[in-house]
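Trainee: I would like a close look at one part of this model, with the terms explained as they come up. Please take me through it slowly, in a connected account.

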Amino acid sequence: MRPHILLAQELTGWARDPRLHAAAERSLQRRGWPLRFLLAPSRTDFHTAVAFAPDVLCWRQYETKYAHLTDNGYGVAVLADVGADEDEPGVTVISAHLSAYSAEAAAQEAQRMVARLHRYGGVGILGGDINNMPLGDREPDWAALPPYNRSAQCVPRLSPDEPWRGNRAVGEVLARAGLVDVAAHLAEARNRPELRAATGSGGVRVDQFHVTGNLRDGLLGYERLAAASDHDAIVMRLDPGTATQSGRRQ
């Protein structure tokens, strides 16, 4: 599977040693899958990137001015078909790696990203390691997970006898902004609850795609793929040609 857009996280060292970045692009080129990576700055050295197939897409804008206000950084890429007219706004794409240490901090990061997602035409995709419970998913066995998972991803308990519950503040932020949780939407629309399966070792679907509401009808598919990581890779198929343009956020 060779998607036209790839959202990557934890590209450690790519800014310190650009040879890592160059080697990745060369390796993919040799395998017949050329991608260009737009790398975001990161104060933790856990860089994110939006990569795209340059024979299919071109980039109109890449904004990173708010990257330093999040734990791992991010960039806002505006991509368009290579043959599109210059006045067509394209699709805004963010590769997200939200804070793993606090759901409240991650929710604030999500608020910034959502604002920028709507900045360039109002058609957007946010995806990556969201690191927190989405809305509507079943609770994992929190008691069986490490204590730092509970401290970061659960709401406080009022008593030791109360069950642990996941903090869904990030999901609430994304839903309030009118974004559609791709896996959850397709799970309900197609009666396929297995699409909500966990993507990480902590029993939570921490890796997620969210799209602006005007892309809902263009969602064609979603799946998880095994990866050489403690997370599964996730893939969605989307026809952005179904989108209707909304007003820009200034």
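Mentor: A residue is called buried when its relative accessible area is under 20%, exposed when it is over 50%, and partly exposed in between, with a 1.4 Å probe and protein chains only. This is a predicted model, in which local features need pLDDT of at least 70 and side-chain atom pairs count only at pLDDT 80 or more, while totals for chains, interfaces and linings use all residues. Residues are numbered from 1 along each chain as its sequence is written, and side-chain values use heavy atoms, leaving out hydrogens and water.

The part to look at is an open sheet of three strands, ordered β1-β3-β2 with antiparallel pairing. Strands (E, at least two residues) and helices (H or I, at least four) are DSSP runs numbered from the N terminus, and two strands pair if DSSP finds at least two bridges between them. Because β1 (5-8) and β2 (36-39) each have a single partner strand, they stand at the edges, and one side of each is left without a neighbour in the sheet. From one strand to the next, the twist averages 20 degrees, where axes are lines fitted to C-alpha atoms, for helices over the stretch in contact, and angles between N-to-C directions run from 0 to 180 degrees. Four bridges join β1 to β3 (residues 49-52) in the antiparallel sense, and across this pairing Leu-7 has Val-50 of β3 as its bridge partner.

The edge strand β2 also contributes Phe-37 to the one aromatic pair that the structure holds. Rings of Phe, Tyr and Trp (its six-membered ring) pair if their centres lie within 6.5 Å, and planes under 30 degrees apart count as stacked, over 60 as edge-to-face and the rest as tilted. The rings of Trp-14 and Phe-37 have centres 5.3 Å apart and planes at 65 degrees, so this pair is edge-to-face. Trp-14 sits in the loop between β1 and α1 (18-30), 23 residues away from Phe-37, and both are buried.

Finally, consider the loop between β2 and β3, where Asp-45 lies. Most residues other than glycine have a negative phi, but Asp-45 has a positive one, near 70 degrees. Asn-191, in the loop between α5 (182-189) and β9 (207-212), also has a positive phi, of about 55 degrees. Their surroundings contrast: Asp-45 is buried, at a relative accessible area of 15%, whereas Asn-191 is exposed, at 66%.
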